[in-house]
Amino acid sequence: MSGLREKIFNEAMDETRRLSGLFFQGPVNSMLDCGCGDGVETLKIARKVGAKEVYGIEVIPEYLESASKAGINCQSFDLDNGLPYEDNKFDLIVGDFVLEHIVRIDRFLKACNRCLKNEGRVVLSTDNLGSLINLGSIACGWQPFSLTGIGNWFFGNPLITHQYVPELA
């Protein structure tokens with residue numbers, strides 16, 4: 001990642017870790033990260049909240065393998081189909097920058113609610129269309145960052161932060 005893109009990404013992840021920590025003052029038994037990537041950020045959040053069991057969902061095979069090797073109980077699953085877990089399983093469900101990739105957000109949110117324990121929390125973040133970087137992109141005639149990845153194609157913005165994955169092309 002270039003310097004500016006890395007800074008923006010790291011600031012967003014720091015905010016997610018901070019917000020996740022605010023919700024829980026006591027230990028978290030089980031946590032799910034939807035779109036866990038390689039697991040690095042997932043484990044930072046897990047440490048922050050004291051999660052004992054850490055689960056992840058990731059669709060990119062290389063990332064899924066890395067997250068699994070890092071100790072995350074990780075599987076591949078299409079979040080448009082809900083969540084592949086039993087009811088009342090998680091104390092915390094997080095999802096950084098995944099909502100913009102889900103078509104059936106209603107189905108996903110209902111599944112999150114179903115899989116949460118009674119006092120569980122969901123922390124989701126997504127791109128802000130009104131952010132300065134997206135407004136600048138629109139002014140230049142480029143796609144805003146949240147719209148540059150459609151299906152398996154990435155286009156429209158030369159500043160895109162998505163990583164090209166040949167297997168998905």
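Let me begin with a detail at a ring: in this model, which is a predicted one, K89 lies over the face of F90, with 5.9 Å separating it from the ring centre. F90 itself is buried, at a relative accessible area of 0%, and I would like to work outwards from that ring to its aromatic neighbours, and from there to the sheet.

Searching the whole structure gives three aromatic pairs. In one of them, the ring centres of Y55 and Y85 are 5.8 Å apart and the planes stand at 75°, and because an angle over 60 degrees counts as edge-to-face, that is how this pair is classed. What this pair links is distant parts of the chain, given that Y55 belongs to strand β2, residues 53-57, while Y85 sits in the loop between β3, residues 73-75, and β4, the two being 30 residues apart. Both Y55 and Y85 are buried, and for Y85 the relative accessible area is 8%.

Y85 also pairs with F90: here the centres are 5.0 Å apart and the planes lie at 85°, so this pair, too, is edge-to-face. Taken together, Y55, Y85 and F90 make up one aromatic cluster.

Now to the sheet. It is an open sheet of five strands, which in order are β3-β2-β1-β4-β5, and the pairing is parallel. At the edges we find β3 and β5, each of which pairs on one side only, and from one strand to the next the twist averages 15°.

On the β3 side, β2 and β3 run parallel and are joined by three bridges; G56, for instance, has C74 in β3 as its bridge partner.

On the β5 side, strand β4, residues 90-96, runs parallel to strand β5, residues 116-125, and six bridges join the two. Within that pairing, L92 stands opposite R121 of β5. The connection is also worth following in the structure, since β4, helix α4, which covers residues 105-115, and β5 together make a β-α-β unit that is right-handed.

Let me finish with D96, which is found in strand β4. Is this residue buried or exposed? With a relative accessible area of 9%, D96 falls under the 20% cut-off and is therefore buried. Its side chain is joined to the side chain of S125 by a polar contact of 2.8 Å.

To gather this up, the predicted model shows us a cluster of Y55, Y85 and F90, with K89 over the face of F90, and a parallel-paired open sheet of five strands, in which β3 and β5 are the edge strands.

Note on methods
Residues numbered from 1 in each chain as written. Predicted model: local features only at pLDDT ≥ 70, side-chain atom pairs only at ≥ 80, totals over all residues. Heavy atoms only, no water. Pairing = 2+ DSSP bridges. Helix = DSSP H or I, 4+ residues; strand = E, 2+ residues; numbered from the N terminus. Right-handed = clockwise from strand over helix to strand, strands pointing away. Phe/Tyr/Trp six-rings, centres within 6.5 Å; stacked < 30°, edge-to-face > 60°. Buried < 20%, exposed > 50% of the residue type's maximum accessible area, 1.4 Å probe, protein only. Lys NZ or Arg CZ within 6 Å of the ring centre and 35° of its normal. Polar contact = N/O pair within 3.5 Å; in protein donor to acceptor, adjacent residues only side chain to side chain. Axes fitted to C-alpha atoms, helices over the stretch in contact; angles between N-to-C directions.
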